[in-house]
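Student: I'd like to go through this model with you at the bench, one feature at a time. Can we start once it's on screen?

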Amino acid sequence: VLTVGSQANGAYLAPQLLSGDYRISVVLDGFKRVNLGPLKVDVSTTVTQDVTLEPGAVSESVTVAAET
């Protein structure tokens with residue numbers, strides 16, 4: 001598992017990956033998770049994969065317990 005962050009403009013880079021098939025999972029608070037792949041990566045190539053995030057439900061729970 002490789003975790004990378006994105007730049008302010010949304011671009012991300014995962015350098016020096018070995019050749020093979022990869023899956024991408026994009027996660028950001030307030031948005032739905034996006035799962036992509038398999039994406040084929042070959043030696044000495046650049047693969048571009050744009051991702052569109054959709055707003056997701058933001059949930060919060062509060063637990064109230066009475067003392068007896």
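Tutor: Sure, strands first: a strand here is a DSSP run of E with at least two residues, and strands are numbered from the N terminus. This is a predicted model, in which local features need pLDDT of at least 70 and side-chain atom pairs count only at pLDDT 80 or more, while totals for chains, interfaces and linings use all residues. Residues are numbered from 1 along each chain as its sequence is written, and side-chain values use heavy atoms, with hydrogens and water left out.

Student: Where is Tyr12 found?

Tutor: Go by the strands just defined. Strand S1 covers 20-26. Tyr12 is found in the segment before S1.

Student: Is Tyr12 buried or exposed, or partly exposed?

Tutor: The classes go by relative accessible area: buried is under 20%, exposed is over 50%, and partly exposed is in between (1.4 Å probe, protein chains only). Tyr12 has 36% relative accessibility, so Tyr12 counts as partly exposed.

Student: Which residues form a nonpolar patch on the surface with Tyr12, and what is their accessible area together?

Tutor: Patch members have over 30% relative accessible area and no salt bridge; nonpolar side chains (Val, Leu, Ile, Met, Phe, Trp, Tyr) are joined within 5 Å, like charges within 9 Å. The areas come from the Shrake-Rupley method with a 1.4 Å probe, and for residues only the protein chains shown count as cover. Tyr12's partners are Leu2, Val4 and Leu17, and the accessible area of the patch is about 340 Å².

Student: Which strand gives the most to the lining of the largest pocket?

Tutor: A pocket is an open set of points on a 1 Å grid over the protein atoms alone, where a 1.4 Å probe fits, with protein on both sides within 12 Å along at least five of seven lines; lining residues have an atom within 4 Å of a point. S1 and S2 (34-41) each supply at least two lining residues. The most, five residues, come from S1.

Student: How many residues line the largest pocket, and which lie nearest its centre?

Tutor: By class, the lining has 21 nonpolar, twelve polar and three charged residues. Nonpolar means Ala, Val, Leu, Ile, Met, Phe, Trp, Tyr, Cys and Pro, charged means Asp, Glu, Lys and Arg, and the others, Gly among them, are polar. The lining holds 36 residues, and nearest the centre lie Val4, Tyr12, Leu13, Ala14 and Ile24.

Student: Which residue forms a salt bridge with Lys32?

Tutor: A salt bridge needs a side-chain nitrogen of Lys or Arg within 4 Å of a carboxyl oxygen of Asp or Glu. For Lys32, the closest N and O atoms are 3.7 Å apart, and the partner is Glu54. The pair links distant parts of the chain, with Lys32 in the loop between S1 and S2 and Glu54 22 residues away in the segment after S2. So Lys32, partly exposed at 45%, pairs with Glu54.

Student: What about Asp42: which side chain does it meet in a salt bridge?

Tutor: Asp42 is partly exposed at 38% relative accessibility. Its partner is exposed, at 52%. The N to O distance is 3.7 Å, and the partner is Lys40.

Student: Which peptide bond is cis?

Tutor: Look in strand S2, where Pro38 is found. Omega is near 5° for the bond from Gly37 to Pro38.

Student: What is the phi of Gln16?

Tutor: Gln16 sits in the segment before S1 and counts as exposed, at 79% relative accessibility. Gln16 is not a glycine, yet its phi is positive, at about 60°.

Conventions:
Helices (H or I, at least four residues) and strands (E, at least two) are DSSP runs, numbered from the N terminus.
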